[in-house]
Amino acid sequence: MTARGHGARAGDPLGGTKGPSRGPEGAGYSETVSRRPITLVLAAACEALLGLLLLVLGGYVLVNTLLGYATDISFALPLAVFAFGGGAVLCYVSWGLLNLRDWARTPVVLTQIFALVVAYYLWTSEQPRMSLGLGAFALLTLALVLAPPTTATLFPAEGGSRSRR
């Protein structure tokens with residue numbers, strides 16, 4: 001057993017099993033971190049923020065329902081459950097995007113398209129501040145997730161190993 005723990009490498013200051021990258025990015029960066037462009041990290045953060053917002057709003061609805069402030073309990077409880085489920089799914093999708101899972105981009109794009117629809121209806125219901133905020137957030141997230149560096153990272157050029165259908 002070494003002073004750093006089981007299986008530590010001499011070049012790894014944290015005592016982990018993954019050594020520093022020897023690529024063009026420079027020494028000290030792990031291979032996983034260096035493969036994530038900032039656009040991908042920011043898109044994952046935006047999706048996680050939206051998921052956390054849904055979880056908080058679901059908690060708000062649930063607490064107000066339990067305190068007796070809801071006018072229709074048969075509507076409020078399923079709404080809270082739906083918000084918790086949606087928030088959990090969005091956080092999972094954000095995790096998938098951060099871990100370079102190519103399947104995670106489609107739910108992010110669909111979420112932002114739905115957010116743009118909600119922003120439109122907020123605009124038509126004379127709530128321009130909320131509409132502009134949600135619309136700008138959705139467009140920013142779409143721009144980040146569809147940016148060329150994000151696309152190149154999630155969908156690297158396929159060689160001749162896989163046939164296209």
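Here is a short walk through the model, stop by stop, with something to select at each one.

**Before you click**

This is a predicted model, in which local features need pLDDT of at least 70, side-chain atom pairs count only at pLDDT 80 or more, and totals for chains, interfaces and linings use all residues. Residues are numbered from 1 along each chain as its sequence is written, and side-chain values use heavy atoms, with hydrogens and water left out.

**Whole chain**

Start with a cartoon view. The protein chain has six helices and zero strands, giving the pattern α-α-α-α-α-α along the sequence. Helices here are DSSP runs of H or I with at least four residues, strands are runs of E with at least two, and numbering goes from the N terminus.

Now colour by burial. Of the 165 residues, 28% count as buried, where buried means under 20% relative accessible area, exposed means over 50%, and partly exposed is in between (1.4 Å probe, protein chains only). Switch to a surface and you are looking at about 11200 Å² exposed by the protein chain, with 67% of it supplied by carbon and sulfur atoms. Those areas come from the Shrake-Rupley method with a 1.4 Å probe, and for residues only the protein chains shown count as cover.

For contacts, think heavy atoms within 4.5 Å. Among contacts between residues at least 6 apart in sequence, 56% join residues at least 24 apart.

**The core**

Select Leu-40, Ala-43, Leu-97, Val-108 and Val-145: these have the most contacts inside the largest nonpolar core, which has 14 residues. Helices H2 (38-66), H3 (73-98), H4 (105-124) and H5 (128-145) each give two or more residues to this core, and the largest share, four residues, comes from H2. Such a core is a set of buried Ala, Val, Leu, Ile, Met, Phe, Trp, Tyr and Cys residues joined through side-chain atoms within 4.5 Å.

Centre on Leu-40. Leaving aside neighbours within four places in sequence, Leu-40 is in contact with Leu-97, Leu-98, Leu-100, Thr-150, Thr-153 and Leu-154.

Next, pick Thr-141 in helix H5. At 0% relative accessibility, Thr-141 counts as buried. Show its surroundings and, beyond four places in sequence, Thr-141 is in contact with Ala-43, Cys-46, Val-108 and Gln-112.

**Where H4 meets H5**

Select Ala-119, which lies in helix H4 and is buried, with a relative accessible area of 5%. Not counting residues up to four places away in sequence, Ala-119 touches Ser-131, Leu-134 and Gly-135. Try a distance label too: the C-alpha atoms of Ala-119 and Gly-133 are separated by 8.2 Å, with their positions 14 residues apart along the chain.

Hop across to Ser-131, in helix H5. Ser-131 is buried as well, at a relative accessible area of 7%, and outside that four-place window it touches Ala-119, Leu-122 and Trp-123.

**The end of H2**

Go to Asn-64, found in helix H2. Its relative accessible area is 19%, so Asn-64 is buried. With residues up to four places away set aside, Asn-64 touches Tyr-69 and Ala-70. Asn-64 and Ala-76 are 12 residues apart in sequence and 9.0 Å apart in space, C-alpha to C-alpha.

**The largest pocket**

Show Leu-50, Leu-53, Leu-54, Leu-57 and Val-118, the closest to the centre of the largest pocket among its 21 lining residues. About 620 Å³ of space lies in this pocket. H2, H3, H4 and H5 each give two or more residues to the lining, and H3 gives the largest share, seven residues.

A pocket is found on a 1 Å grid over the protein atoms alone, as an open set of points where a 1.4 Å probe fits, with protein on both sides within 12 Å along at least five of seven lines; lining residues have an atom within 4 Å of a point. Points are joined across faces, edges and corners, and the volume is the space filled by probe spheres set on them.

Colour the lining by type: 18 nonpolar, three polar and no charged. Ala, Val, Leu, Ile, Met, Phe, Trp, Tyr, Cys and Pro count as nonpolar, Asp, Glu, Lys and Arg as charged, and the others, Gly among them, as polar.

**Two loop residues to finish**

Most residues other than glycine have a negative phi. Select Leu-100, in the loop between H3 and H4: its phi is positive, about 60 degrees, and at 15% relative accessibility Leu-100 counts as buried. Then select Glu-126, in the loop between H4 and H5. Phi of Glu-126 is positive too, near 60 degrees, but Glu-126 counts as exposed, at 72% relative accessibility.
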